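Please work through the following exercises with the sequence and the coordinates at hand. Each task is followed by a solution in steps.

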Amino acid sequence: MTLKVTGPVTASVANTAKRVIVMVYMAAVTGKALTEEQKIGAGVAICGVLLYSVIDDLLKSKKTKLS
């Protein structure tokens, strides 16, 4: 995935996903428990990334069918 191919929203979503992955990974490696706020934030970010991906796929397939 390169920046030329992706748009600014996709790059932002990817950056958010990366932050969540790093946060959860570091919590697992260091053995520190995530706070409730961190768990909620990670959940919201993961759901947002998933929702964005699903909507993006639906719009791309709809656009392809119209062409």
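The exercises below concern a predicted model and go from the whole chain to single residues.

**Exercise 1. Overall form**

Task: Determine how many helices and strands the protein chain has, and compare its radius of gyration with that of a compact globule of 67 residues.

Solution.
Step 1. The secondary structure consists of 2 helices and 0 strands. Helix α1 covers residues 8-30, and helix α2 covers residues 36-66.
Step 2. For a compact globule of 67 residues, a radius of gyration near 11 Å would be expected, whereas the protein chain has 15 Å.
Step 3. Along the principal axes, the C-alpha atoms occupy a box of roughly 50 × 25 × 15 Å.

**Exercise 2. Surface and charge**

Task: State what share of the 67 residues is buried, what carbon and sulfur atoms supply to the exposed area, and how far apart the mean positions of the positive and negative charges are.

Solution.
Step 1. A residue counts as buried under 20% relative accessible area. Of the 67 residues, 9% count as buried.
Step 2. The exposed area of the protein chain is about 5700 Å², and 69% of it comes from carbon and sulfur atoms.
Step 3. The chain carries 9 positive and 4 negative charges, and their mean positions lie 10 Å apart.
Step 4. A nonpolar patch on the surface is formed by Val22, Tyr25, Met26 and Val29, which together have about 400 Å² of accessible area. Of these residues, Val29 belongs to helix α1.

**Exercise 3. Salt bridges**

Task: Find the salt bridges and explain, for lysine 39 and glutamate 36, how the spacing in helix α2 relates the two residues.

Solution.
Step 1. Side chains of opposite charge can pair when their charged atoms come close.
Step 2. The criterion is a side-chain nitrogen of Lys or Arg within 4 Å of a carboxyl oxygen of Asp or Glu. The count by this rule is 2 salt bridges.
Step 3. One joins lysine 39 to glutamate 36, with an N to O distance of 3.8 Å. These two residues are 3 residues apart in helix α2, so about one helical turn separates them. Lysine 39 is partly exposed at 44% relative accessibility, while glutamate 36 is exposed at 54%.
Step 4. Another joins lysine 60 to aspartate 56, at 3.5 Å from N to O. Here the spacing in helix α2 is 4 residues, so about one helical turn lies between lysine 60 and aspartate 56. Aspartate 56 is partly exposed, at 22% relative accessibility.

**Exercise 4. Residues of helix α2**

Task: Classify leucine 51, tyrosine 52 and isoleucine 55 as buried, partly exposed or exposed, and give a C-alpha separation for each.

Solution.
Step 1. The cut-offs are under 20% for buried and over 50% for exposed, with partly exposed in between.
Step 2. Leucine 51 is located in helix α2. Its relative accessibility is 52%, so leucine 51 counts as exposed. Its C-alpha atom is 16 Å from that of isoleucine 40, with the two positions 11 residues apart along the chain counted as their separation.
Step 3. Tyrosine 52 is also part of helix α2. Its relative accessible area is 24%, so tyrosine 52 is partly exposed. From tyrosine 52 to isoleucine 21, the C-alpha distance is 17 Å at a chain separation of 31 residues.
Step 4. Isoleucine 55 lies in helix α2. With a relative accessible area of 43%, isoleucine 55 is partly exposed. Isoleucine 55 and threonine 35 are 20 residues apart in sequence, and their C-alpha atoms are 30 Å apart.

Key
Residues numbered from 1 in each chain as written. Predicted model: local features only at pLDDT ≥ 70, side-chain atom pairs only at ≥ 80, totals over all residues. Heavy atoms only, no water. Patch = residues over 30% accessible without salt bridge, like charges linked within 9 Å, V, L, I, M, F, W, Y side chains within 5 Å. Areas by Shrake-Rupley, 256 points an atom, 1.4 Å probe, with all protein chains shown as cover. Rg over C-alpha atoms; globule rule 2.2 N^0.38 Å. Buried < 20%, exposed > 50% of the residue type's maximum accessible area, 1.4 Å probe, protein only. Lys, Arg positive; Asp, Glu negative; His and termini not counted. Charge placed at Lys NZ, Arg CZ, Asp CG, Glu CD.
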